[in-house]
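Hello,

As promised, I am passing the structure on to you, along with some notes to read beside it. Please open it first and then come back to the text below.

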Amino acid sequence: MATTAARLLQGKHKPVYTPFLDLGDHVIVVNASRVKLTGRKEEQKLYRQHSGYEGGLREERAKIVRQRNPVRLVEEAIRGMLPKTKLGDAMYRKLQVYSGPDHPHAAQKPGILEVA
């Protein structure tokens with residue numbers, strides 16, 4: 001699922017794809033709380049964030065992150081697949097992730113892309 005979303009954000013499905021232009025679409029991901037991790041990733045995968053102060057590194061296991069903020073699992077997975085440049089930042093801003101099936105973007109008439 002995350003791979004498909006990353007490719008849509010980059011615009012790789014379009015015939016006019018160019019690596020140095022942002023031609024991607026806006027992507028809405030719903031039901032982020034139902035994402036499954038394979039293997040022992042729930043206990044072993046670490047999510048890190050740093051406050052900027054000395055000793056300010058905080059680490060949390062995927063199991064705890066899923067309980068607190070399931071959207072973060074999907075956002076960080078997709079963020080890691082995008083370019084680490086200003087262009088990647090622009091692509092990331094077009095991503096919307098929601099933990100449940102409801103989202104406030106019905107007026108834009110989004111298309112549905114089923115991913116198993």
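Please keep in mind from the start that this is a predicted model. Let me begin with one residue and work outwards.

**His105**

Is His105 buried or exposed? His105 is buried, because its relative accessible area is 19% and the cut-off for buried is under 20%. To find His105, look in the segment after β4. Leaving aside residues up to four places away in sequence, His105 touches Ile28, Gln96, Tyr98 and Pro110. The pairing with Ile28 is a good one to display: 77 residues separate His105 and Ile28 in sequence, while their C-alpha atoms are 8.4 Å apart in space.

**The chain as a whole**

Now a step back for the overview. The protein chain has 5 helices and 4 strands, and their order along the sequence is α-β-α-β-β-α-α-α-β. The C-alpha trace spans about 45 × 30 × 30 Å along its principal axes. Of the 116 residues in the protein chain, 27% are buried. About 8200 Å² of the protein chain is exposed, and carbon and sulfur atoms supply 53% of that area. If you count contacts between residues at least 6 apart in sequence, 54% of them join residues at least 24 apart.

**Helix α4**

Which residues of helix α4 are buried? Helix α4 runs over residues 70–81, and its buried residues are Pro70, Val71, Arg72, Leu73, Val74 and Ile78. The cover over these buried residues comes from several parts of the chain. Among the helices, it includes α1 (2–10) and α3 (62–68). Strands take part as well, with β1 (27–29), β2 (46–50), β3 (57–61) and β4 (95–97) included in the cover. A general point helps when you turn the helix on screen: an α-helix has 3.6 residues a turn, so residues three or four places apart point the same way.

**Lys94**

Lys94 sits in the loop between α5 (86–92) and β4. This lysine is buried, because its relative accessible area is 11%, against a cut-off of under 20%. What does the side chain of Lys94 reach? It comes to 2.8 Å from the backbone oxygen of Gly24. The side chain of Lys94 also makes a polar contact with the side chain of Asp22, at 3.0 Å. Residues up to four places away in sequence aside, Lys94 touches Leu9, Asp22, Gly24, Asp25, His26 and Val27.

**Two pockets**

The largest pocket holds about 960 Å³ of space. Its lining is made up of 27 residues, and those nearest its centre are Ile28, Val29, Val30, Ile112 and Leu113. The elements that give two or more residues to this lining are α1 and β1. By type, the lining of the largest pocket divides into 13 nonpolar, 8 polar and 6 charged residues. You will remember Ile28, one of the residues that His105 touches.

The second largest pocket has a volume of about 250 Å³. It is lined by 14 residues, with Ala2, Val35, Leu37, Leu73 and Ala77 closest to its centre. Both β2 and α4 supply at least two residues of this lining. Which element gives the largest share of the lining of the second largest pocket? That is α4, with 5 residues. By type, the lining of the second largest pocket divides into 10 nonpolar, no polar and 4 charged residues. Leu73 therefore turns up twice in these notes: it is one of the buried residues of α4, and it is among the residues closest to the centre of the second largest pocket.**Two backbone angles**

Finally, two residues have a positive phi without being glycine. Asn31 has a phi of about 60° and lies in the loop between β1 and α2 (41–44). Asn31 counts as partly exposed, because its relative accessibility is 22%. Lys109 has a phi near 50° and is found in the segment after β4. Lys109 counts as exposed, because its relative accessibility is 74% and the cut-off for exposed is over 50%.

Happy browsing, and best wishes

Note on methods. Residues numbered from 1 in each chain as written. Predicted model: local features only at pLDDT ≥ 70, side-chain atom pairs only at ≥ 80, totals over all residues. Heavy atoms only, no water. Buried < 20%, exposed > 50% of the residue type's maximum accessible area, 1.4 Å probe, protein only. Contact = heavy atoms within 4.5 Å. 1 Å grid on protein atoms, 1.4 Å probe; cavity = no way out; pocket = protein on both sides within 12 Å on 5 of 7 lines; lining within 4 Å. Points joined across faces, edges and corners; volume = space filled by probe spheres on them. Nonpolar A, V, L, I, M, F, W, Y, C, P; charged D, E, K, R; others polar. Polar contact = N/O pair within 3.5 Å; in protein donor to acceptor, adjacent residues only side chain to side chain. Areas by Shrake-Rupley, 256 points an atom, 1.4 Å probe, with all protein chains shown as cover.
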